[in-house]
There are 2 protein chains.
Amino acid sequence: SIMFQQAIRSDVGPAFLRAMNSEEATYLRTCRLDVESPQNLLHVLGTSLEANLDRCAPPGSKFFSVKCTPDVQYSISPPPLETSHLSPVPLRGNSKLLISMSRASQYENDNKLSVRYYGEKKEVLGTARMYLTGFEISLDVDADRDGVVEKNNPNKGSWKWGPDGHGAILLVNCDSERIYAKTPDNEQNSISRVSDLKDMSVMVLRTRGPAKLPQGYKLAMHISQGDAESIRVFRPRSAEVLNKTPVTLLFNYFVKDYPLVLSSDVLTQEVPYLGGISEMNFYVEGLRFLDKDFDGLISINLSVLEPITAGLPETPIFTDKVMFRVAPWIMTPNTLEPVEVFVCSTSDNYQFLKGMRSLVAKSGYKLKICHEYMNRGDRWMQDELEFGYIDSPHHRFPVVLDSPRDGKLQDFPYKELLGPDFGYVTREPENKNVSSLDSFGNLEVSPPVTVNGRNYPLGRILIGVAFPTATRGRNMTKVVQEFLWAQKVQEPVALFSDWLYVGHIDEFMTFVPAPDRKGFRLLLASPDAAYKLFRSLQSDGHGKAKLFEGLKDEKTVTVDEILNNDGLRAQNNYVQSCIDWNRDVLKRELGLEDDDIIDLPILFKFIQAGNEPVFRAVAYYPDMVNMIVLGKNLGIPKPFGPLVNGCCALEAKMSSLMEGLGLCCYFIDDFASYHKLHGEVHCGSNVLRKMYDFKWWNLDM
Amino acid sequence: SIMFQQAIRSDVGPAFLRAMNSEEATYLRTCRLDVESPQNLLHVLGTSLEANLDRCAPPGSKFFSVKCTPDVQYSISPPPLETSHLSPVPLRGNSKLLISMSRASQYENDNKLSVRYYGEKKEVLGTARMYLTGFEISLDVDADRDGVVEKNNPNKGSWKWGPDGHGAILLVNCDSERIYAKTPDNEQNSISRVSDLKDMSVMVLRTRGPAKLPQGYKLAMHISQGDAESIRVFRPRSAEVLNKTPVTLLFNYFVKDYPLVLSSDVLTQEVPYLGGISEMNFYVEGLRFLDKDFDGLISINLSVLEPITAGLPETPIFTDKVMFRVAPWIMTPNTLEPVEVFVCSTSDNYQFLKGMRSLVAKSGYKLKICHEYMNRGDRWMQDELEFGYIDSPHHRFPVVLDSPRDGKLQDFPYKELLGPDFGYVTREPENKNVSSLDSFGNLEVSPPVTVNGRNYPLGRILIGVAFPTATRGRNMTKVVQEFLWAQKVQEPVALFSDWLYVGHIDEFMTFVPAPDRKGFRLLLASPDAAYKLFRSLQSDGHGKAKLFEGLKDEKTVTVDEILNNDGLRAQNNYVQSCIDWNRDVLKRELGLEDDDIIDLPILFKFIQAGNEPVFRAVAYYPDMVNMIVLGKNLGIPKPFGPLVNGCCALEAKMSSLMEGLGLCCYFIDDFASYHKLHGEVHCGSNVLRKMYDFKWWNLDM
């Protein structure tokens, strides 16, 4: 097989190729008639040849006649007045011949058409002969998205969203078939195992024609330089051999037998013509995710090349094109069923782990513990990674988005999660300048919503940033934001989280499933709701009830003391206004009404951020909204609120709010090992969830 | 005025701002009711405040009542059963108050609303008071594209193509107000002359309210980091001063008095509130053209900021947004009327210049000669630059695209063309690796066409490249191609020109005006047409007629010799197939029929390209298709064809073909000084043409 390095080849725009696309009504190709020497032409079925009859006529030509073999059809334009085709037709300056064929040839040049020219007195002046080889060709993909590569789908060259849409789909091959010495498969340019083929999209080259193409004709597959950054194409070395070989093959055998056809180093390559009626599989591998500079669409072309002579480039006489879209990375909301729960084990979190173990077991899911040799004391399982998945009609698998945060947990996603059918993706800011807002407690996703008539059946991504008007402020890093926005199918909403010391949106909001309304409730932390609760406790005579009772190293505080603390009240008024600002955005961007939102009684307090003259908020007692949602069971930070008749008033309030939704509250003691470090249950856990049934390509975009 | 350097600020996606856009049906803002301390609020007219009545109610509250001043309106949700508003209404958990105002305030806090809470027995438990300042604000642009900034256009925040579209337009300020020491104005970050303002888009901030905003409230204008690469915003230092100052101002005065508001260094800045009913102009300057990484859309935001306290960021309580699109660079086809013709004067082109002078004078246009001190012997005026223009409702001017070719003419576009109302743009490939295909004889544009029902009222750009299947080959450089495709309004078509030694599409095609059909004809070089003509000369007994007669240093050749030269015939068969390939693309991509195309009798021959084993084509005799089109007059390379009865058979054929279109052929002798150097009349000239009447924003895209 021939392999060229393309010297100068830049991106050619769409017009060049579209000009030759089989989607156009009829593909017309101008050809020459030559009285002096007969011509041999390969003719692609489904197209037409057009010859100007006058341009090459011998001098003095006044009439012409046309003859051809049965598989060749022709028509004359303008149509001759006489009906008998055998009698000579008057030649005009604009006389044209349109030629097509109805069947693929069995042998090279087995069809023929000739044009005879006559003078004034119908004397023969010359004959132009054309030998034709009929040939059928089609590069095929799964354009109708049913998991099977159909034949010559008329829409294969374009891509359209929606249930009545079309266009093939490509996965980024970001899992690792190897379990040891693993790297994502898209980072190695060979196929290591047979199982790797299922992560790729099959493309079939179907041809029908003689055993060999006429002398010098070739088939070439080609892509643009731009697209070559995003895909690779492999093929079996020999289709015949592989059809006879069992599917279980040895490692080395595979690499050898699936050579690379196209890559960023090879933009065009000849592909073999197998002769007769044949099908040849190709495997297309996605290399990179949608991003600011990549909309996900890529095209692969297959051209028929006509030979000229040594030193001259072959002419592409026909090009078939297929289009793919790379699947987006999709996040899973709290309303999807869990598969596995992840937490860290540290030297000091026994109490928390015990609570989580019990909750997860009771809920019936798997618990995966990341041990200390791997987490090195970093307990913030939520912050290091976000679970998502990629989906196509032929295959789907989970993909972890690794945060640029890179705490001591940083090896976990790559070393523990990446594997067969478990993909990995990350985005590293150039300057490594990340802030606390780059932790993925600051990256969440809503359940499916409808907003002013627009459906988001996969929900919307939520992130926290600084106000756009802030002259100082922390933000989620640009490369991660660009990645999230580029996925498009869960259009992100930016919230304001820079008012928080840690700065994560999961400190003031979460979603829980609900049997009614939109299928969920938005829970928001609310200092006003907390003050309302405490004032009613006070007016019911419980002003002396104490928070933080029974906690070692923590001073208790009474309801009266909280209500009398004017500074705390002012701080919480500000917090409430920040949360209200987000509440307004969430209502607008998720199409929520007040009845879709539940205020949870949570207080905050200010602490100084480093040496800056800036104060930011942390939870005053364990932040109940920072919970883990496992189906109908909620794992909630135990608030250690005021005890009324031996019962925590905060737990009681929380339970009563959730009870109406059929949800069970499990309060987990995270005080010493998480709350005191400014995190809670949600920050310290992560949940791999089932993927959506809804297919992203059915979105109306 | 305050100016901050924004430390960490990345691009925030659209949702953040859209959430606050005035386009949304009603902008709702959650506010707090506080029984303990009265609140002062600035209220933006046209929005609503929403307060939860229950959240801050004193313990034991069962009823409430609302009172307000006349300019304040409120409604209660759910609506109370009793109709009298004065009697206390039962308080529910979801009781809400919606507050709005009907008029801007005359004084700070001159309006008031209070909510009184009652217990079981209608005893008063507390009162929440709110002092309100009504305020009107609108950031305005010319969203209806009539050259005037209207007030608060409901569509100002978005952009839509077409005659029923909307959205403001921005020019790249790429001309130079200065004639000496000139640089494009977009490369200097100050306003140098009053005339510079007319290259910018006016934006008006209209406000109505009290003389001063309540304590701590501010207005801030802001843009995203991404948009800041593409625009700058200026404002008059003091609106009052300028209203009293005559428009003609001195240089220094201007720089000082139009300070920069926003730029890539300053993403957000406070703008003054002038009080009462006021309008303040801002000037928006476009900095860069559409390109691969820039779709031309930019947004400018104006937010009202509410104070919190020192160390805490102010809260944007309302944001108004306007959107601009940067005007594309537009090329002008041969069918538009010329304004000025450009040629070079060299030591050896007296004959050519004489012909051009005569033609241009006869046609009634201006001739501009680039003298030798500037061209340094480089005569290829077509290749160094392409004329185009940019257009907006408020202003339009020509813009020269400077080719990366950079021959000895390279200083001409910058030094001679750039100036007041004459813009300049260029694209430099990173590696300076340019080929002959980067000369702008390889960049042309069609007249307006309609293709399968799609209109291109500005025509389509045409460029020449190598086949996408070619493993070696020259191409137009990536950065120029990306620039051309990004302009979008004249969607490019790529032709195959690498078969030519020089490699420019103007060697085989041009357009001339026509009174019928589509208003133009495509002229194509055609070796077959040449052979047909020569054969008919031969059969008429003129086989001994000679080409190149009377030319010094050029051997003559007879018609018979040409027809007997089998090698030349084979070369021209290949050339015809290359041109036919382009003919097929042009027919498809410009929606042409054969009757829209005229074949011109032109022969080519092969020469070897450097030391490569590659042969490429040059014109055998002066290439008549490489002409200059000046209205109905065509300046055509004098072909020096076979003389029949003292008359050149090629000139006669050419004239007869053009005559029917009402066009006059003027044959210009460019043999020694252009043809022998592989160029012709078109290569050696350039034409600045009138701009289209059609407005690009009226395209249906």
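**Exercise 1. In this predicted model, find how many residues each chain brings to the contact between chain B and chain A, and state how much area the two bury.**

Solution. Start with the residue lists: chain B contributes 95 residues and chain A contributes 94 residues. Next take the area: about 8,000 Å² is buried between chain B and chain A, and 52% of it lies on carbon and sulfur atoms.

**Exercise 2. Describe the polar and charged pairing across the interface of chain B and chain A, and say which elements of chain B supply the touching side.**

Solution. Begin with the charged pairs: the count between chain B and chain A is 16 salt bridges. One salt bridge joins the side chains of B:Asp594 and A:Lys96, with an N to O distance of 2.6 Å. This pair fits the cut-off, which is 4 Å between the side-chain nitrogen and the carboxyl oxygen. Then count polar contacts: 20 residue pairs are found across the interface, with both residues at pLDDT 80 or more.

Now turn to the elements on the side of chain B that touches chain A. Those that each supply at least two residues include helix H1 (14–18), strand S17 (297–306), strand S18 (315–326), helix H10 (527–542) and helix H12 (566–590) of chain B. H12(B) gives the most, with 13 residues. Finally, sort this side of chain B by class: 40 residues are nonpolar, 25 are polar and 30 are charged.

**Exercise 3. Work out how chain B and chain A are related in space, and whether the copies meet through the same surface or different ones.**

Solution. Superpose chain B on chain A: this takes a rotation of 180 degrees with 0.0 Å of shift along the axis, and the RMSD is 0.0 Å. The two copies are therefore related as by a two-fold rotation axis. In chain B, the C-alpha nearest the axis belongs to B:Asp293, at 3.6 Å from it. For the surfaces, compare the interface residues: 99% of those of chain B are also interface residues in chain A, so the copies meet through the same surface.

**Exercise 4. Place B:Ser278 in its chain, decide whether B:Ser278 is buried or exposed, and name its contacts.**

Solution. First locate the residue: B:Ser278 is part of strand S16 (residues 276–286) of chain B. Its relative accessibility is 11%, so B:Ser278 counts as buried; the cut-off for buried is under 20%. Leaving out residues up to four places away in sequence, B:Ser278 touches B:Leu205, B:Arg206 and B:Thr207. With B:Thr207 there is also a side-chain polar contact of 2.9 Å to B:Ser278.

Note on methods
Residues numbered from 1 in each chain as written. Chains lettered and ligands numbered in written order. Predicted model: local features only at pLDDT ≥ 70, side-chain atom pairs only at ≥ 80, totals over all residues. Heavy atoms only, no water. Contact = heavy atoms within 4.5 Å. Buried area = accessible area lost by both parts, 1.4 Å probe. Polar contact = N/O pair within 3.5 Å; in protein donor to acceptor, adjacent residues only side chain to side chain. Helix = DSSP H or I, 4+ residues; strand = E, 2+ residues; numbered from the N terminus. Nonpolar A, V, L, I, M, F, W, Y, C, P; charged D, E, K, R; others polar. Least-squares fit on C-alpha atoms with pLDDT ≥ 70 in both. Buried < 20%, exposed > 50% of the residue type's maximum accessible area, 1.4 Å probe, protein only.
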